[in-house]
Amino acid sequence: MTEITEQKNYFKQKELACKCGCNTNKFDSEFLLKLNAIREECGFPFVITSAYRCKNHPIEARKARPGSHYTGKAVDVRCSGAKSLEVIRVALKHGIERIGVQQKSGSQKFIHLDGCTKEEGFSCPDSWSY
């Protein structure tokens with residue numbers, strides 16, 4: 001992982017907050033540093049479609065136990081094609097070991113980046129498609 005000498009923050013608190021209506025934001029500050037470094041190296045804007053999710057968020061509420069978004073260490077970045085491959089390449093370079101890919105035709109395309117660890121009860125390394 002490369003260090004950021006002059007930290008830029010590309011992400012607004014509102015886009016990292018829960019979108020269920022509560023607007024709670026418990027996004028992990030260490031993961032935000034990594035996310036900013038990935039964004040900087042990619043060199044193109046990231047549209048975050050999902051970041052922190054509270055336990056009452058409809059997606060989290062359906063799960064047996066809250067997932068990685070609940071930890072504040074996961075985002076879904078809207079992208080496709082060559083940009084998706086670049087996001088994955090750079091994320092791996094920066095130590096992201098959990099990546100989900102949604103690139104089906106007719107669906108909202110995104111890459112899930114996830115900083116959760118085995119110690120937190122998540123399989124790691126891991127990759128999946130939706």
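This briefing describes helix 2, its packing against helix 5, and two individual residues, Asn-56 and Gln-102. The structure is a predicted model. Helix 2 covers residues 29-42, and its axis comes within 9 Å of the axis of helix 5. Of the two residues treated separately, Asn-56 counts as exposed, whereas Gln-102 counts as buried.

**Helix 2: length and ends**

- Helix 2 has 14 residues, and at 1.5 Å a residue these should span 20 Å. The C-alpha atoms at its ends are 20 Å apart, so the expected span and the model agree.
- At the start of the helix, the backbone nitrogen of Glu-30 has a side-chain oxygen of Asp-28 within 3.1 Å.
- Gly-43 follows helix 2 and has a positive phi, near 80 degrees.

**Helix 2: buried residues and their cover**

- The buried residues of helix 2 are Phe-31, Leu-32, Leu-35, Asn-36, Ala-37, Ile-38, Arg-39 and Cys-42. Asn-36 and Arg-39 are thus among the residues listed as buried, alongside Phe-31 and Leu-32.
- The elements covering these buried residues include two helices, helix 1 (13-16) and helix 5 (81-93), as well as strand 2 (74-78) and strand 4 (110-114).

**Packing of helix 2 against helix 5**

- Two packed helices are described by the distance between their axes and the angle between them.
- For helix 2 and helix 5, the axes come within 9 Å and cross at roughly 130 degrees. Because of that angle, helix 2 is oblique to helix 5.
- The crossing of helix 2 past helix 5 is right-handed.
- On the helix 2 side, the contact is made by Ile-38, Glu-41 and Cys-42. Helix 5 contributes Glu-86, Val-87, Arg-89, Val-90, Ala-91 and Lys-93.
- Ile-38 and Cys-42, which take part in this contact, also appear among the buried residues of helix 2.

**Asn-56, a loop residue**

- Asn-56 is located in the loop that lies between strand 1 (47-50) and helix 3 (58-61).
- Its relative accessibility is 57%, and Asn-56 therefore counts as exposed, the cut-off being over 50%.
- Asn-56 and Cys-18 are 38 residues apart along the chain, and 9.6 Å separates their C-alpha atoms.

**Gln-102, a strand residue**

- Gln-102 belongs to strand 3 (residues 98-102).
- With 10% relative accessibility, Gln-102 falls under the 20% cut-off and so counts as buried.
- The Gln-102 side chain reaches the backbone nitrogen of Lys-104 at 3.0 Å.
- Leaving aside neighbours within four places in sequence, Gln-102 is in contact with Ser-107, Gln-108, Lys-109, Phe-110 and Tyr-130.

Technical notes: Residues numbered from 1 in each chain as written. Predicted model: local features only at pLDDT ≥ 70, side-chain atom pairs only at ≥ 80, totals over all residues. Heavy atoms only, no water. Helix = DSSP H or I, 4+ residues; strand = E, 2+ residues; numbered from the N terminus. Expected span 1.5 Å × (residues − 1). Buried < 20%, exposed > 50% of the residue type's maximum accessible area, 1.4 Å probe, protein only. Contact = heavy atoms within 4.5 Å. Polar contact = N/O pair within 3.5 Å; in protein donor to acceptor, adjacent residues only side chain to side chain. Axes fitted to C-alpha atoms, helices over the stretch in contact; angles between N-to-C directions. Parallel < 35°, antiparallel > 145°, perpendicular 65-115°, else oblique. Left-handed = near helix turned anticlockwise from the far one by under 90°.
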